[in-house]
Structure formats: structure tokens, C-alpha cells
Amino acid sequence: MARLTVLIAAVVLAFLVAMPVPEVTAKKYTVGDNKFWNPNINYTIWAQGKHFYLGDWLYFVFDRNQHNILEVNKTDYENCNSDHPLVNWTRGAGRDVVPLNVTKHYYLLDGKGGCYGGMKLAVKVEKLPPPPKAAPVKNIGSVSVVTGLAQFMIPFALLRMW
């Protein structure tokens, strides 16, 4: 009976080792990368090719005495109008975070005049894509990977029992 238990455990272990585990984590984007949140940077180009998903967050680094981060509607974004912000994300430290926790377009700008120097960012936040389907077990000749692992591990498990 003990031998059968070890054999079953070896097969289960081999299966678990061969099974990929998907990894899904939120991503932190430092806005502007090493240039941070400053004038004369094209944040539209910075955002190109990036996919923003629920749970991600934008990290802004800036001079707190000269800039801020305001969320506005699309019209105010296009016109650099900061008179009616939807949200003021500035917390006073110059190291502020905008959590992307709603699927929508976020329109962010500097309300202290920097918008006219290019300090504005529009991002579209999407739901996470579905996890990839598990890859089929690949065959090596007539032996599958799982079977091969099990055949490799079973003799070691049996020797350990003796």
C-alpha cells in the first residue's frame, strides 16, 4: 500500500511540475520613465505601445511646488483647461500615484500651466485579457512530457522506499 501511495505521489508531483502557472500582477508605470513628469516631453509617445489594465497604476514624480496631477474630461484635456478637475491626484509630496481601477479613458494634466508645455497624458484602461489556454502536452516520440517525468521520478521514489 505504501508503494502505491508513493507511486501516486510521484505521478501527481510530475504533473504539477510540468503544468505552467500563469502570473498576473499589476504593473507600475513611472510616467515619463527617467524623465518623469516634466514639461517638453511628449507623453502621447511615452504611452504608445503600452497596455494599461485594471489594477495597474501610474506613478508621477515631479516638483511639487511647480506641478500637479489633475484628472479632467476629454474636452478640458484637449484645451488644457484645469478649472473643473474631476479628481486632484496630487497629495503634496511630488511622488503621487493614480490607481487605474476603472475601465475608462483617463485624461490627466498639469493644472499649474505645464499642460501647455506638453504635461498631459491620456490612457485607456482595459480589463485584463483572459489567461492563455494551457498548452497541450507535447509528445516526445511516443512518450508525453508528463509520462516521461513520471518515468524518470518513479524509480527514485521506489529506491527511496527500499
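**Buried polar residues, cores and one disulfide**

Setting aside neighbours within four places in sequence, Glu71 is in contact with Pro85, Leu86, Val87, Trp89, Lys104, Tyr106, Tyr107 and Leu108. The model is a predicted one, and this residue makes a handy way into it. Glu71 sits in strand β4 and counts as buried, with just 2% relative accessibility. One of its contacts is Pro85, which is 14 residues away in sequence, with the two C-alpha atoms 5.7 Å apart in space.

Two of the residues around Glu71 also pair with Glu71 through polar atoms. The side chain of Trp89 makes a polar contact of 3.0 Å with the side chain of Glu71. Lys104 forms a salt bridge with Glu71, and the closest N and O atoms there are 2.7 Å apart. That pair joins distant parts of the chain: Glu71 belongs to β4 (residues 70–72), while Lys104 is in the loop between β6 (95–99) and β7, 33 residues apart. The count of salt bridges comes to 1. How buried or exposed are the two partners? Glu71 has a relative accessible area of 2% and is buried, whereas Lys104, at 33%, is partly exposed. Buried means under 20% and exposed means over 50%, so the value of 33% for Lys104 puts this residue in between.

Stepping back to the whole chain, the secondary structure comes to 4 helices and 10 strands. Along the sequence these elements run in the order α-β-α-β-β-β-α-β-β-β-β-β-β-α. Of the 162 residues in the protein chain, 30% are buried. Among contacts with a separation of 6 or more, 67% involve residues 24 or more positions apart. The exposed area of the chain is about 10,700 Å², and carbon and sulfur atoms supply 60% of that area.

On the nonpolar side, the largest core has 21 residues, and Trp37, Phe52, Leu58, Phe60 and Leu121 are the members with the most contacts inside it. At least two residues of this core come from each of α2 (43–47), β3 (57–61), β7 and β8. There is also a second, separate core of 7 residues, and Leu70, Val72, Tyr77 and Tyr107 are among them. Tyr107 turns up in the contact list of Glu71 as well.

Asp56 is another acidic residue worth a look. Asp56 lies in the loop between β2 (52–53) and β3. Is Asp56 buried or exposed, going by relative accessibility? The value is 4%, which is under the 20% cut-off, so Asp56 counts as buried. Not counting residues up to four places away in sequence, Asp56 touches Ala26, Lys27, Tyr29, His51, Pro99 and Leu100. Tyr29 is 27 residues from Asp56 along the chain, yet their C-alpha atoms are separated by 7.7 Å. With Lys27 the link is to the backbone: the side chain of Asp56 reaches the backbone nitrogen of Lys27 at 2.8 Å.

His67 is placed in a loop too, the one between β3 and β4. The relative accessible area of His67 is 8%, and this residue is buried. Which residues surround His67, leaving aside neighbours within four places in sequence? The contacts are Trp37, Pro39, Phe62, Asp110, Lys112 and Met119. With Asp110, the contact is polar: the two side chains are joined at 3.1 Å. Trp37 is a familiar name here, being one of the residues with the most contacts inside the largest core.

Finally, the cysteines. A search of the whole structure turns up 1 disulfide. The partners are Cys80 and Cys115, and their sulfur atoms are 2.1 Å apart. Cys80 sits in the loop between α3 (74–78) and β5 (87–88), and Cys115 sits in the loop between β7 (105–109) and β8 (120–126), so the link ties together parts of the chain that are 35 residues apart in sequence. The link is left-handed, with -75 degrees about the S-S bond. Both Cys80 and Cys115 are buried.

Methods: Residues are numbered from 1 along each chain as its sequence is written. This is a predicted model: local features need pLDDT of at least 70, side-chain atom pairs count only at pLDDT 80 or more; totals for chains, interfaces and linings use all residues. Side-chain values use heavy atoms; hydrogens and water are left out. A disulfide is a pair of cysteine sulfur atoms within 2.5 Å. Buried means under 20% relative accessible area, exposed over 50%, partly exposed in between (1.4 Å probe, protein chains only). Contact means heavy atoms within 4.5 Å. Accessible areas come from the Shrake-Rupley method with a 1.4 Å probe; for residues, only the protein chains shown count as cover. A salt bridge is a side-chain nitrogen of Lys or Arg within 4 Å of a carboxyl oxygen of Asp or Glu. A nonpolar core is a set of buried Ala, Val, Leu, Ile, Met, Phe, Trp, Tyr and Cys residues joined through side-chain atoms within 4.5 Å. A polar contact is a pair of N or O atoms within 3.5 Å; within protein, one must be able to donate a hydrogen and the other to accept it, and residues adjacent in sequence count only if both atoms are side-chain atoms.
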